[in-house]
Amino acid sequence: MVRLSLFFLIFSFSVSAKVVLLDPGHGGEETGAVGKLNRSRQVHEKDLALRLAHKIKKHLEKDATVFLTRSIDRTVTLQERADMADKVKADLFISIHFNSSTDKKAHGFETYYLDNNKDAAVKKVEKQENFSLKGEDLVVHQILIDLTIQQTVKASRALANAVHGRLRGHMKPVGITDRGVKAGLFYVLALSKRPGLLLEAGFMSNEKELKSVQQEEFMERYAQGVAQGIRDHLRK
Ligand SMILES: [Zn+2]
């Protein structure tokens, strides 16, 4: 009897625990955006994204089963990241990035979910994040994109609002600008075929902001905000 109820306990836990796949952008030979501190020291997006992903994992692990598409500095294609979502049966896919712009004054954080957007500024972000060294010419079939949008847009938008809402509160003391929730066509989200987000946590092309996003306080607050937003969404 004891053994039987233990079985049910484990069984009910395993069916209710949600799986979240965190995806630190870029990695290995693909640096992502490159920022410069004091006009010399280079900072790579791949390293900041990995640091932030580990922190989000730490805060989220109490409430979900959490996996990373890469836990070290290594090259992973967009398709491999999406395949991992199938392998771990992820309920949510969260891709983690830092922004870059030719406008050195651009600043702030934004949260993307998968949907079409004609905005020119968003097109530039899509171009940066859809680039993959091992699949430079990666073209994702429009039918797959449309189908995934149809199946996920409602949940993804709700998730984006939950996460961004928490971030708004958490990031206020740090003084980083809120650029809002946006739609964007990101291949990694389309290929993963499940509700998800692509986070742009701040601009590395803005030296002042680059200094701030590297701070422990920024990283902790951002990670807590994301974890809390995901938790809110999963409880609904
Ligand atoms: Zn990126």
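Leu78 is buried in this predicted model, with a relative accessible area of 9%. Leu78 belongs to helix α3, and its C-alpha atom is separated by 9.7 Å from that of Glu129, 51 residues away along the chain. Glu129 is one of the protein donors of the zinc ion. The points below cover the zinc site, the residues around it, two helix contacts and some exposed loop residues.

**Zinc site**

- The zinc ion has as protein donors His26 through NE2, Glu45 through OE, His97 through ND1, and Glu129, which is listed with OE twice.
- These donor atoms lie 2.0 to 2.6 Å from the zinc ion.
- Along the sequence, the donor residues follow the spacing H-x18-E-x51-H-x31-E.
- Glu45 and His97 link distant parts of the chain, being 52 residues apart.
- Glu45 is in helix α2 (residues 45-60), while His97 is in strand β5 (residues 92-99).
- Glu45 has a relative accessible area of 2%, so it is buried, the limit being under 20%.
- His97 also counts as buried, at 4% relative accessibility.

**His26 and Lys46**

- His26 is found in the loop between β1 (19-24) and β2 (34-37).
- The relative accessibility of His26 is 5%, and it therefore counts as buried.
- Most residues other than glycine have a negative phi.
- His26 is not a glycine, yet its phi is positive, at about 60 degrees.
- Lys46 sits in helix α2 and counts as buried at 8% relative accessibility.
- Apart from neighbours within four places in sequence, Lys46 is in contact with Gly25, His26, Gly27, Gly28, Glu30, Thr31, Arg70 and Asp73.
- The zinc donor His26 is thus among the contacts of Lys46.

**Contact of α5 with α8**

- Two packed helices are described by the angle between their axes and the distance between the axes.
- For helix α5 (residues 142-171) and helix α8 (residues 216-235), the axes come within 8 Å and cross at roughly 140 degrees.
- This angle makes α5 oblique to α8, because only angles over 145 degrees count as roughly antiparallel.
- The crossing of α5 and α8 is right-handed.
- From α5, the contact is made by Ala155, Ala158, Leu159, Ala162, Val163, Arg166, Leu167, His170 and Met171.
- From α8, the contact is made by Phe218, Arg221, Tyr222, Gln224, Gly225, Val226, Gln228, Gly229, Ile230, Asp232 and His233.
- Sorted by class, the residues in the contact of α5 with α8 are eleven nonpolar, six polar and three charged.

**Contact of α2 with α8**

- The axes of α2 and α8 come within 8 Å and cross at roughly 50 degrees.
- With that angle, α2 is oblique to α8.
- The crossing in which α2 passes α8 is right-handed.
- On the α2 side, the contact involves Leu48, Arg51, Leu52, Lys55, Ile56, Lys58, His59 and Leu60.
- On the α8 side, it involves Glu216, Met219, Glu220, Tyr222, Ala223, Gln224, Val226, Ala227, Ile230 and Arg231.
- By class, the contact of α2 with α8 has ten nonpolar, two polar and six charged residues.
- Residues of α8 that appear in the contact with α5 include Tyr222, Gln224, Val226 and Ile230, and these residues also meet α2.

**Exposed loop residues**

- Arg39 lies in the loop between β2 and β3 (41-44) and counts as exposed, at 77% relative accessibility.
- Arg39 and Glu207 are 168 residues apart along the chain, and their C-alpha atoms are separated by 8.8 Å.
- Lys89 is in the loop between α3 (78-87) and β5.
- The relative accessible area of Lys89 is 64%, so it is exposed, the limit being over 50%.
- Lys89, a residue other than glycine, has a positive phi near 55 degrees.
- Lys172 has its place in the loop between α5 and β7 (178-184) and counts as exposed, at 67% relative accessibility.
- From C-alpha to C-alpha, Lys172 and Glu129 are 26 Å apart in space, with a sequence separation of 43 residues.

Terms used
Residues are numbered from 1 along each chain as its sequence is written. This is a predicted model: local features need pLDDT of at least 70, side-chain atom pairs count only at pLDDT 80 or more; totals for chains, interfaces and linings use all residues. Side-chain values use heavy atoms; hydrogens and water are left out. Donors are N, O and S atoms within 2.8 Å of the metal (3.2 Å for Na, K and Ca); water is not among the atoms, so sites may look incomplete. Helices (H or I, at least four residues) and strands (E, at least two) are DSSP runs, numbered from the N terminus. Buried means under 20% relative accessible area, exposed over 50%, partly exposed in between (1.4 Å probe, protein chains only). Axes are lines fitted to C-alpha atoms, for helices over the stretch in contact, and angles run from 0 to 180 degrees between N-to-C directions. Angles under 35 degrees count as roughly parallel, over 145 as roughly antiparallel, 65 to 115 as roughly perpendicular and the rest as oblique. A crossing is left-handed if the near helix is turned anticlockwise from the far one by less than a right angle, and right-handed if clockwise. Contact means heavy atoms within 4.5 Å. Ala, Val, Leu, Ile, Met, Phe, Trp, Tyr, Cys and Pro count as nonpolar, Asp, Glu, Lys and Arg as charged, and the others, Gly among them, as polar.
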